[in-house]
Amino acid sequence: MKTIQKLLLGLGAGLLLIGCGNNSKEGSAGAMASSNAEKVYLAPGEHDEFYAFMSGGYSGNLTVYGLPSGRMLKEIPVFSQFPTNGYGYSEESKAMLNTSFGFVPWGDSHHPDISQTNGELDGRWIFINENNTPRVARISLTTFETEEIIELPNSAGNHASSFVTENTEYIVAGTRFAVPNPQRDMPIDEMKGEFKGPLSFISIDQEHGHMNLEFQLNMPGFNYDLAHPGRDKSHGWFFFTSYNTEEAHTMQEVNASQNDKDFIAAVNWQMIAEYIKNGGGTKVAGTYAHNTYDESTMTATTEMKQGVISVDPREVEGAVYYMPVPKSPHGLDVDPSGRYIIGNGKLSTQLSVYSFEKIQNAIQNKDFDGDAYGIPILSFESVLEGVVDSGGLGPLHTEFDGKGFGYTTYFISSEVVKWELGTWEVIDRQPSYYSVGHLMIPGGNSRNPYGKYMVSLNKITKDRYLPTGPELEHSAQLYDITGEKMELLLDFPTHGEPHYAAGIPAEKIKAQSKKYYELEENNHKYAVKNEADTRLERNGNEVHVYATTVRSHFAPDNIEGIKVGDKVYFHITNLEQDFDVPHGFAMIGANTSEILVMPGQTKTIIWEPKREGVWPFYCTDFCSALHQEMQGYVRVSAK
Ligand code: CUK
Ligand code: CUA
């Protein structure tokens, strides 16, 4: 208890410091050497060396940045409606946001991770989790569009995703908010002992990337926070941090921090997958939406699925163990060699480093220290390989540079600490502005990190930029990590709240980036491929307008025969076959967004006219010198 109080005091003091802006002069523009400026400078027209995909946190999206410039390149809508291009509003994309709770147009995205082959980034897809209504999404790194979202039943707060195994066989999802499973009406203060934290194992089809909820490991108790797969020698295992072993359901801030140690769950997923293959597990109830976008029909569909295979961890002997970890662990990371598992106790000053070899030995020798809910606890001493003690406060996350060093963020003492694998010695520490959460080194999650830059993703912004009222964007910082000491190069704001990020050399995906959709391959149900086929079809009060766009007009551009009370579907096909010539479509008084239609694409938006008259529509994207002329009228008559 004493340590916790000290740490909480420390947190208060840290914030005070920030409040006074004491640290703000160091590391700011004044002290920045011009050679550092050169390292991030891109001459006009030059491209960045890396893509960085930053989670959008409560924006629900994924933003794309270039490194080292820190330029924002795109926001990819994932779990939230996005009026900029009509995602979640257009008829084609609405189904992406269906869940078993109905249409959920917002999400909280935390951890992006890029697909891997043989432990190396392969640039096929990027996955990201949703923490609120538990989901995982897959985004194509060819189109930079969300192609699939799967919901996770029987759980709450999927914070553990979306880290991929080294051949993208699986991603996992966790349950940060332990809940009764199955869900039922019960007194909250009787929940202790009834808490369940199902961990979902989602297998990935290698050809199309399709996700399949293969099984759920129905873990007892606790809040399962973050996860990481093993690699190389530890491939086949997943490690999950779990805090709140107290199973507190109230005042968690205090009550979930009583125990000196919480757990890391070590799960041999290969063993469990084998068990399922041989008919193991029990089918339990669970309704979940599986939404897929088909590039050919350009349309998303929802399949509402029923039931999931559930496995009790005690059912498969030798597959699940707990390892004690001090002080409410948050982040958990595995080094590029797969030998070391690093647990970050956020109410501690130390990192606990476990060795995979020692874990194997402890299992073999049954070096147990009792059990929790029948799951053996490996004795702390038998699995601990070393301790990184930097004296920093509030360690959260660790990333690796592939050259034998780890980099850990400390939220409370607001710094990044570089330390050496094997000796566990601290090499360098640099302040972050302010209170860093995650950090990212491109490929830092793979066997082969690109240890040139490190980005710290900071939780508090305060005075780093021109003030924008009470609400500020979050702040990222770019460091050069090629030397012994980390060198701060650049500050840049990020959108939403980036938790984790994933970086990849631009060369790995630049060439495959799609330029436009081939009109010939457009199999959209309502596509028209030339102006001669544009038309209006009425079916009761439903009207379908088959329209096209090409610089700089709509066909048809005058629409008559519409009545008050009709439901008008505008199906817009963009006939352009060239890079970067979108056309937009917006209709006066529509209670939805516009749509932005890429060349060769078809998108649909609904308009329900309320009043008689002649009403305009127009193109929203400045597409040519005659863009202002790109408009039309709809005549609306009485019923
Ligand atoms: S979390 Cu945000 S700082 Cu969601 Cu990975 Cu640790
Ligand atoms: Cu088309 Cu503006």
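The paragraphs below walk through the domains, two sheets, the surroundings of a ligand and one buried residue in a predicted model.

A good place to begin is the overall division of the chain. The domain assignment splits the chain into domain 1, covering 2-179 + 189-245 + 252-508, and domain 2, covering 519-637. Between the C-alpha centres of domain 1 and domain 2 there is a distance of 42 Å. The two domains do touch: 11 residues of domain 1 are in contact with 17 residues of domain 2. On the side of domain 1 that touches domain 2, six residues are polar, three are nonpolar and two are charged.

Turning to the sheets, one of them is an open sheet of four strands, with the order 3-2-1-34 and antiparallel pairing. Its edges are formed by strand 3 (71-76) and strand 34 (501-505), each of which pairs on one side only. On average, and with direction ignored, neighbouring strands of this sheet are turned by 20° against each other. Within the sheet, six bridges link strand 1 (residues 50-55) with strand 2 (residues 62-67) in the antiparallel sense. A reader following this pairing in the structure can look for Phe50, which stands opposite Leu67 in strand 2.

The ligand comes next. Around ligand 1 the model places a set of histidines, namely His110, His111, His159, His330, His397, His438 and His499, together with Leu226, Gly331, Leu396, Gly437 and Tyr500. Several strands contribute to this shell: strand 20 (329-334), strand 26 (395-400) and strand 30 (436-440) each supply at least two of its residues. By residue class, the shell around ligand 1 holds nine polar residues and three nonpolar ones, and no charged residue is among them.

A further open sheet is built from five strands in the order 38-44-43-40-41, and here the pairing is mixed. Strand 38 (558-563) and strand 41 (595-597) each have a single partner strand, so one side of each edge strand is left without a neighbour in the sheet. Neighbouring strands of this five-stranded sheet are turned by 25° against each other on average, direction ignored. Inside the sheet, strand 43 (residues 613-618) and strand 44 (residues 631-637) run antiparallel and are joined by six bridges. Along this pair, Val614 is found opposite Arg635 in strand 44.

Strand 41 also offers a residue worth a closer look, as Val597 belongs to this strand. Val597 counts as buried because 29 other C-beta atoms lie within 10 Å, where 20 or more are needed. Beyond its neighbours within four places in sequence, Val597 is in contact with Thr549, Ile572, Asn574, Pro582, His583, Phe585 and Lys603. A separation of 7.8 Å lies between the C-alpha atoms of Val597 and Asn85, although these residues are 512 residues apart along the chain.

One more antiparallel pair completes the picture. Strand 39 (residues 567-574) is joined to strand 42 by six bridges, and the two run antiparallel. In this pair Tyr569 stands opposite Ile606 in strand 42. Strand 42 (residues 602-607) is mostly covered, with five of its six residues buried.

Terms used: Residues numbered from 1 in each chain as written. Chains lettered and ligands numbered in written order. Predicted model: local features only at pLDDT ≥ 70, side-chain atom pairs only at ≥ 80, totals over all residues. Pairing = 2+ DSSP bridges. Axes fitted to C-alpha atoms, helices over the stretch in contact; angles between N-to-C directions. Near = placed C-beta within 6 Å. Nonpolar A, V, L, I, M, F, W, Y, C, P; charged D, E, K, R; others polar. Domains from an automatic or database assignment. Contact = placed C-beta atoms within 7 Å. Buried ≥ 20, exposed ≤ 12 C-beta atoms within 10 Å, placed from the backbone.
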